[in-house]
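Here's a quick tour for anyone meeting this structure for the first time. Have a look at the picture, then read on.

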Amino acid sequence: MDKSLKVALSLLGASVAGLAVAAVQDPGEVKLPEYKEGAYVHDAPTLTDIKTDPDLHPELRQVILKGRDMFMNTQKYRGEYVFNDMSCKSCHMGEGRMPWAAPVWPAATTLPDFRGKNKHVNSLEERIAGCFAYSMNGKPPEYGSDDMLALVAYHTYMAKGAKVYDKNIAARGFNHLGKQMPEDISYDAGQQVYTDNCAVCHGDNGEGKRVDGEVVFPALWGDNSYNWGAGITRIFTAASFIQNNMPLGQPGRLSDKEAWDVAYFINAHERPQDPRYTGDIEETRKKHNNFYQWSLYGQEINGKVLGDHNNTGEKPFLKPDNLKPRTFD
Ligand code: HEC
Ligand code: HEC
């Protein structure tokens with residue numbers, strides 16, 4: 001069993017009142033959205049497939065397995081590629097294969113493509129680099145390096161048998177609730193949802209949890225969490241992710257409203273600076289308004305303007321150098 005699940009179960013066993021009750025009321029019921037009409041379903045290969053596929057050259061198999069290990073245990077590269085608590089699987093759950101948890105193989109079948117976030121045509125390497133720079137508050141492996149190649153090999157193998165450039169993909173990404181926040185979205189209601197359903201694992205202050213120095217529950221805000229440039233800082237992305245994947249092991253348990261409220265609450269907290277920061281919050285926000293319009297970056301919450309600081313967390317720099325030429329202006 002996964003270590004985090006074991007710890008989760010022992011915590012639940014310790015009977016943290018609300019959560020344990022809720023878990024009993026809803027024993028394992030999984031409520032996930034329907035696939036869109038005509039959506040294309042792909043069943044990505046499993047670890048067993050990687051280990052047994054007779055078509056793989058032994059050396060390629062090794063490289064794919066290395067990429068998978070980097071994806072699952074990205075914390076091994078803390079201080080090199082990663083400067084927060086995340087591993088790729090922290091958000092791309094189920095080894096990056098799981099529907100509604102942003103399965104990663106579609107990137108291998110739909111890139112190169114134009115990407116609105118950086119306004120140019122991106123390769124698969126560059127897409128992976130994006131999650132390093134923002135979600136992992138880190139520094140991507142060099143383009144063309146062995147480590148980058150291993151990650152690309154894992155992503156591409158996961159797409160084995162999938163159609164190329166077919167974009168009507170079932171359960172892609174996180175976004176099924178739509179982009180627009182409900183008008184009555186509420187910080188206070190979100191705080192309550194958080195206390196009742198999330199704090200048991202992610203901590204009273206969103207700090208997550210470590211056991212024997214190893215991250216078992218990643219941080220939701222603060223220095224060890226994703227930075228202000230991460231896709232999940234958009235309230236709609238967080239709300240959809242949360243509703244379909246959290247609390248851990250109980251997808252679909254929160255109502256739409258609860259998911260929106262708690263996403264708002266989490267993303268109304270401070271986190272490391274966006275690598276795109278120009279030194280001026282207003283200017284940065286304006287420059288990338290197509291992104292920030294969906295987050296609380298630059299807005300005043302509880303008397304403080306979010307993101308108005310130079311804090312980059314554990315990461316000793318703002319922008320990863322190898323991304324500058326193509327991704328940052
Ligand atoms: C904090 C959460 C988070 C972490 C950690 C994270 N990602 Fe992502 N990733 C996202 C979000 C959000 C998206 C965009 C999903 C959407 O469009 O709804 C995304 C999208 C992607 C995509 C594109 C998927 C598609 O449908 O085209 C790839 C590939 C990807 N991530 C790879 C990675 C890799 C590799 C890592 C580890 C280095 C990683 N991600 C870590 C949140 C995360
Ligand atoms: C039983 C423990 C547990 C509970 C309860 C739980 N989570 Fe998580 N959460 C996890 C784990 C573990 C991961 C990382 C997934 C992985 O590594 O497989 C995670 C990942 C996340 C992430 C993405 C990574 C990050 O740190 O930003 C978010 C956002 C999140 N949880 C939000 C929530 C919210 C909101 C709730 C309450 C509605 C919640 N979680 C309840 C265990 C839990």
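## The main core

Keep in mind that this is a predicted model. A good place to start is the largest nonpolar core, which has 64 residues; Ala239, Ile242 and Ala263 touch the most other members. Helices that each supply at least two residues of this core are H4 (58-72), H6, H7, H8, H10 (199-202), H11 (235-245) and H12 (256-266). Which helix gives the most to this core? That's H8, with eight residues.

Now zoom in on Ala263. Leaving aside residues up to four places away in sequence, Ala263 touches Ile235, Ala238, Ala239 and Ile242. There's also a second, separate core of six residues, and Trp228, Tyr292, Tyr297 and Leu306 are among them. As a bit of background, nonpolar side chains in soluble globular proteins tend to be buried together.

## Around ligand 1

Next up is ligand 1, with 28 residues around it. Coming nearest are Cys88, Cys91, Cys131, Gly173 and Gly231. Sorted by class, the shell around ligand 1 has 17 nonpolar, nine polar and two charged residues.

Helices pitch in here too: H6 (105-110), H7 (124-133) and H8 (146-158) each supply at least two residues of the shell. H7 gives the most to the shell around ligand 1, with four residues.

## A closer look at H4

H4 is a nice helix to check with a ruler. At 1.5 Å a residue, its 15 residues should span 21 Å, and the end C-alpha atoms of H4 are indeed 21 Å apart, so the two agree.

Which residues of H4 are buried? They are Val63, Ile64, Gly67, Arg68, Met70 and Phe71. Looking down the axis of H4, you'd find its buried residues within an arc of 160°, so they line one face of the helix. Those buried residues pack against H3 (47-52), H5 (93-96) and H8. On the face of H4 turned away from the buried side, you'll find the exposed residues Pro58 and Glu59.

## Leu56, just along the chain

Finally, take Leu56, which sits in the loop between H3 and H4. Why does Leu56 count as partly exposed? Because Leu56 has 19 C-beta neighbours inside 10 Å, while being buried takes 20 or more.

Leu56 and Tyr157 are 101 residues apart along the chain, yet their C-alpha atoms are separated by 9.9 Å.

Definitions and conventions: Residues are numbered from 1 along each chain as its sequence is written. Chains are lettered from A and ligands numbered from 1 in the order in which they are written. This is a predicted model: local features need pLDDT of at least 70, side-chain atom pairs count only at pLDDT 80 or more; totals for chains, interfaces and linings use all residues. A residue is near a molecule or strand if its C-beta atom, placed from the backbone, lies within 6 Å of it. Ala, Val, Leu, Ile, Met, Phe, Trp, Tyr, Cys and Pro count as nonpolar, Asp, Glu, Lys and Arg as charged, and the others, Gly among them, as polar. A nonpolar core is a set of buried Ala, Val, Leu, Ile, Met, Phe, Trp, Tyr and Cys residues joined through C-beta atoms within 7 Å. A residue is buried if 20 or more other C-beta atoms lie within 10 Å of its own, exposed if 12 or fewer, and partly exposed in between; C-beta atoms are placed from the backbone. Two residues are in contact if their C-beta atoms, placed from the backbone, lie within 7 Å. The expected span of a helix is 1.5 Å times one less than its number of residues. The arc is that of the directions from the helix axis to the C-beta atoms.
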